[in-house]
Amino acid sequence: MIYTVTLNPAIDKTLKIDDFKVDQVNRVKDYREDAGGKGINVTKMIHKLKGDSIAVMITGGDIGHRLTSLLDDENISYKAIKTPGQTRINIKVVDHNNHTFTDINEKGPIVDSKTLETLDAYLINHLSEKDILVLAGSLPQGVPKDIYKHWCELGKEKGAKVILDADRDVLELGIKGLPWIIKPNQNELEMYFGKKFDNDQDMILKAHELVDMGIYAVVISQGEKGCLVVCKDGTAKIDALKLKVVSTVGAGDSMVAGIAFGIDEVMKNNETLDFARFMDIMRLGVASSSASIEEEGTHMGSLTRVNELYQEITVNIMENMTK
Ligand SMILES: Nc1ncnc2c1ncn2[C@@H]1O[C@H](COP(=O)(O)OP(=O)(O)OP(=O)(O)O)[C@@H](O)[C@H]1O
Ligand SMILES: O=P(O)(O)OC[C@@]1(O)O[C@H](CO)[C@@H](O)[C@@H]1O
């Protein structure tokens with residue numbers, strides 16, 4: 001089973017605005033609402049891939065109720081742990097004239113320790129060595145910044161494989177728990193190392209420091225430039241496909257979903273996860289993100305489209321990229 005954790009889920013309200021401008025009245029051409037939050041998006045994409053995933057999340061108030069109804073409509077499996085506060089609404093402004101995608105994310109509710117303890121107990125009772133645990137997204141107020149570190153350690157104790165997708169101090173502390181895979185985007189990795197990278201080579205060398213610490217793979221997504229994969233057995237670059245981009249929101253989450261799904265298949269079939277097999281899984285990750293950016297809002301790409309795009313993706317192995 002692939003458990004995703006979303007401590008700070010949201011309803012994503014995507015507003016289509018042509019020529020969006022700050023400091024002016026903007027008129028909305030069209031809008032849509034999706035169940036959002038990084039872990040939830042991962043579970044939504046795994047559902048499209050016909051994999052097994054449960055979105056574990058904290059929800060509250062009317063908006064939390066609307067969120068679970070949206071998930072029910074799509075037959076997504078979830079475990080909602082209730083908090084007294086209100087789930088957030090995140091605004092996504094899509095301007096197709098200027099090709100801009102602007103996120104305005106709320107802070108989320110204040111979550112008390114009792115709610116967190118319930119979630120913790122759920123993970124303790126459910127995780128086993130057959131599972132994958134995906135920890136993704138920001139933390140709502142009241143949650144200790146090192147919670148992902150704690151769950152990385154719990155996952156390892158239970159024999160589960162942990163994938164972490166977070167940013168800033170939450171990523172920094174989470175890394176201390178040595179997750180199995182991390183998927184920062186380039187900007188998040190630059191913030192982690194406190195420096196801008198003007199070429200892939202420098203970034204790969206720094207990412208190897210994380211691999212040397214014991215992380216199996218560092219997957220660095222680079223938007224329209226594709227992604228870099230750095231792991232002990234090798235390094236690769238996968239170029240992004242040239243596509244008609246409808247919404248990039250959740251592209252990274254779809255990539256994480258493809259990776260988690262691929263690894264789950266390897267585990268279920270008792271296959272060996274060597275570098276070549278991992279690169280195949282990465283192709284699925286890129287195909288999943290590519291199929292999702294062709295969709296409106298935080299709607300995920302279809303399995304048919306993922307399979308078509310998978311055929312078009314090439315992995316470029318980079319030799320001599322370790323120290
Ligand atoms: N404009 C684009 N054109 C083609 N492919 C894209 C584009 N944007 C993203 N992708 C694909 O999606 C993958 C993940 O995108 P990105 O690096 O933007 O993730 P992210 O920043 O984590 O996104 P988010 O936080 O919105 O989920 C990229 O590696 C690439 O394969
Ligand atoms: O505020 P966070 O938790 O960092 O990100 C939340 C979010 O922007 O991430 C998803 C896209 O990756 C959206 O569905 C959601 O609104």
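The radius of gyration is taken over C-alpha atoms, and the globule rule used with it is 2.2 Å times the number of residues to the power 0.38. With 323 residues, the rule gives a radius of gyration near 20 Å for a compact globule, and the chain, at 19 Å, agrees. Along the principal axes, the C-alpha atoms fill a box of roughly 50 × 45 × 40 Å.

This is a predicted model, in which local features need pLDDT of at least 70 and side-chain atom pairs count only at pLDDT 80 or more, while totals for chains, interfaces and linings use all residues. Residues are numbered from 1 along each chain as its sequence is written, and chains are lettered from A and ligands numbered from 1 in the order in which they are written.

**Fold and core**

The chain has 10 helices and 14 strands; both are DSSP runs numbered from the N terminus, helices being H or I over at least four residues and strands E over at least two. Buried residues make up 46% of the 323 residues. A residue is buried if 20 or more other C-beta atoms lie within 10 Å of its own, exposed if 12 or fewer, and partly exposed in between, with C-beta atoms placed from the backbone.

Two residues are in contact if their C-beta atoms, placed from the backbone, lie within 7 Å. Among contacts between residues at least 6 apart in sequence, 70% join residues at least 24 apart.

A nonpolar core is a set of buried Ala, Val, Leu, Ile, Met, Phe, Trp, Tyr and Cys residues joined through C-beta atoms within 7 Å. The largest one has 82 residues, of which V134, L135, I259 and A260 touch the most other members. Leaving out residues up to four places away in sequence, A260 touches I2, V42, I46, I132, V134 and I163.

**Sheet and strand pairs**

Two strands pair if DSSP finds at least two bridges between them. An open sheet of 10 strands has the order β5-β4-β1-β8-β9-β10-β11-β12-β13-β14, with mixed pairing. Its edge strands, β5 (78-82) and β14 (316-318), each pair on one side only. Four strand pairs are listed below with their sense and bridges.

| Strand pair | Sense | Bridges |
|---|---|---|
| β1 (2-6) and β8 (132-136) | parallel | 4 bridges |
| β6 (88-95) and β7 (100-104) | antiparallel | 5 bridges |
| β10 and β11 | parallel | 2 bridges |
| β11 and β12 (227-231) | antiparallel | 5 bridges |

Y3 has L133 in β8 as its bridge partner. In the pair of β6 and β7, I91 stands opposite I104. These two strands form a hairpin with 4 residues between them, and H99 takes a positive phi near 55°.

Strand β11 (residues 217-221) is mostly covered, with 5 of its 5 residues buried. A217, V219 and S221 point one way from β11, while V218 and I220 point the other way. V218 is the bridge partner of I182, and V219 stands opposite V229 in β12. The hairpin of β11 and β12 has 5 residues between the strands, and G223 in its turn has a positive phi of about 55°.

**Ligand surroundings**

A residue is near a molecule if its C-beta atom, placed from the backbone, lies within 6 Å of it. Of the 22 residues around ligand 1, N185, S221, A240, G252 and S289 come nearest. Helices α8 and α9 (275-293) are the elements that give two or more residues to this shell. By class, the shell has 10 nonpolar, 10 polar and 2 charged residues. Here Ala, Val, Leu, Ile, Met, Phe, Trp, Tyr, Cys and Pro count as nonpolar, Asp, Glu, Lys and Arg as charged, and the others, Gly among them, as polar.

Ligand 2 is surrounded by 17 residues, the closest being G36, N90, N105, G137 and S138. Two or more residues come from each of β2 (10-16), α1 (38-48) and α8 (251-268). The shell around ligand 2 has 2 nonpolar, 11 polar and 4 charged residues.

**Individual residues**

E265 lies in helix α8 and is partly exposed, with 15 other C-beta atoms within 10 Å. Its C-alpha atom is separated by 9.6 Å from that of I281, 16 residues apart along the chain.

D19, in the loop between β2 and β3 (30-36), has a positive phi near 55° and is not a glycine. With 12 other C-beta atoms within 10 Å, D19 is exposed. L178, in the loop between α5 (168-175) and β10 (181-182), has a positive phi of about 50°, although L178 is not a glycine. L178 is partly exposed, with 19 other C-beta atoms within 10 Å.
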